[in-house]
Amino acid sequence: MKPIKILEVIRQGEIGGGESHVIDLIAGFNRNEIEPIAMAFTDGHMIETLRSMGIKCYVVHTKRAFDLNIRKKIKDIIQDEHIELIHAHGSRAASNMLWLSRCMKIPMVYTVHGWSFHQDQNFIIHQLRALSEKLICHYSKEVICVSDNNLQTGKKVFGLKKGTVIENGVNLKRFDYQHTESSIRKEFGIGENEFIIGFIGRITLQKSPIDFVKSIAFAHQKDKNIKGLLVGEGDMNEEVTDYIEKNNLKDCIYRSNFRTDVPQVLKAMDVFCLPSLWEGLSIALLEAMAMKKPLVVTPTDGTRELIKDQINGLIVDFNQPEKLAEAYLLYGENNELKQICSENALKLIQDRYDSQRVSDAVSDIYKKLKL
């Protein structure tokens, strides 16, 4: 029996949570059953990684949703590769695959990596985004939500009718805290006594990087050993740089663009912070948990399913940088709490969030749709 040919589609080819998910998902497929082909709307490290794994990849450049100009290119790819199923990761990918899926009669699976509507949008934008999500979900053969809260939000906001929860996972062979060696502190010139609060992610509104920077400033005022390590890039790069410079924070914040050695970067941190305004189920969070990091997080959809305050992390409300700072200080003063939270976080990941489980569950959906 020939393997099922799947087109795995995602917005960008750079590395982020969704992109790491796609890499691990594809890596876990049984190639005798599933033949994945990847497509992104920008080039980047994800594409390079997949190609190094022997995966055929396409890049069709666009920054727009529902872009009519790219449909012929994608249609030609689908026909040339004899694609049998489409798997769209995120709303941007799904919006550009929906019409082709319908007109070419190819079933589409949609994975929601966080809904495109969220609390900071004005009413009209929020309603339009919700309507768009409703349309995509209605015409998708299967809708995968990465957390139960993600699923419940869809039901509440636009009456989502169908949805399967497959929680994100992490590659525990790569994110192995016991066997990961790191020279990151030496590379950045981080002092032996410095207490490093880390942030890894896209520098975008969703991730609330200015709140992170402010929180480091508040904490550093009270304890000079507390400093931040901000890793990532995005459309708020300039705004974050300007804020750091105008507030004279260069001495307490280390910065880096995206890196591929994420386990080593995490190893160098004392605490991991995820101050996002919205998330499906953050891959960066799972990776930090796998590396046995104490966590300071905001209560986004997937995060509040995983993290219980003072049991396996500390939860702070949205847009509260002073409260984030207080959480860092609490860990610094209470080593027992720090140890309990990090150990419980690691145990939860080991028990439930191996990425191989995700690949197996998604493969079952593909096979069901081809019966």
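Modeller: Exposed means over 50% relative accessible area, and buried means under 20%. This is a predicted model. In helix α2, E48 and S52 are exposed, on the other side from its buried residues.

Biologist: Which residues of α2 are buried?

Modeller: M46, I47, T49 and L50, within a helix that spans residues 45–52.

Biologist: What makes the buried residues of α2 line one face?

Modeller: Their directions, seen down the helix axis, fall within an arc of 160°, so they share one face. The elements that cover these residues include β1 (4–10), α1 (17–27), β2 (34–40) and β3 (57–59). After α2 comes G54, with a positive phi near 90°.

Biologist: What is the order of the strands in the open sheet?

Modeller: The order is β3-β2-β1-β4-β5-β6-β7, 7 strands with parallel pairing.

Biologist: Why do β3 and β7 stand at the edges?

Modeller: Each has a single partner strand, so one side of each lacks a neighbour in the sheet. For β7, residues 164–165, pairing with β6 (142–145) runs over 2 bridges. The cut-off for a strand pair is at least two bridges, so β6 and β7 qualify. C145 has V165 in β7 as its bridge partner.

Biologist: How do you know that helix α15 packs on the sheet?

Modeller: α15 (355–369) touches β1, β2, β4, β5 and β6. Its direction makes about 170° with that of β6.

Biologist: Why is the K5 and E81 pair called a salt bridge?

Modeller: The N to O distance is 3.5 Å. The limit is 4 Å, so the pair counts as a salt bridge. K5 is in strand β1 and E81 in helix α3, so the bridge ties together parts 76 residues apart in sequence.

Biologist: Are K5 and E81 buried or exposed?

Modeller: K5 has 16% relative accessible area and is buried. E81, at 7%, counts as buried too. Both values are under 20%, so both residues meet the cut-off. K5 and E81 also belong to a network of salt bridges with E35 and K56.

Biologist: How do you know that E84 forms a salt bridge with K370?

Modeller: Their closest N and O atoms are 3.7 Å apart. That is within 4 Å, so the pair qualifies. E84 sits in the loop between α3 and β4, and K370 in the segment after α15, 286 residues away.

Biologist: Why is E84 called partly exposed?

Modeller: Its relative accessible area is 27%. That lies between 20% and 50%, so E84 is partly exposed. K370, at 38%, is partly exposed as well.

Biologist: How many salt bridges does a search of the whole structure find?

Modeller: The search gives 19.

Biologist: Why is the W115 and F158 aromatic pair called edge-to-face?

Modeller: The planes are at 85°, and the centres are 5.2 Å apart. The cut-offs are over 60 degrees and within 6.5 Å, so the label fits. W115 lies in the loop between β5 and α5 and F158 in helix α6, so the pair joins parts 43 residues apart in sequence.

Biologist: What makes F117 and F158 edge-to-face?

Modeller: Their planes stand at 85° with ring centres 6.2 Å apart, so this pair is edge-to-face. F117 is buried at 6%, and F158 at 9%. W115 is buried. W115, F117 and F158 make one aromatic cluster.

How values were computed
Residues are numbered from 1 along each chain as its sequence is written. This is a predicted model: local features need pLDDT of at least 70, side-chain atom pairs count only at pLDDT 80 or more; totals for chains, interfaces and linings use all residues. Side-chain values use heavy atoms; hydrogens and water are left out. Buried means under 20% relative accessible area, exposed over 50%, partly exposed in between (1.4 Å probe, protein chains only). Helices (H or I, at least four residues) and strands (E, at least two) are DSSP runs, numbered from the N terminus. The arc is that of the directions from the helix axis to the C-beta atoms. Contact means heavy atoms within 4.5 Å. Axes are lines fitted to C-alpha atoms, for helices over the stretch in contact, and angles run from 0 to 180 degrees between N-to-C directions. A salt bridge is a side-chain nitrogen of Lys or Arg within 4 Å of a carboxyl oxygen of Asp or Glu. Rings of Phe, Tyr and Trp (its six-membered ring) pair if their centres lie within 6.5 Å; planes under 30 degrees apart count as stacked, over 60 as edge-to-face and the rest as tilted.
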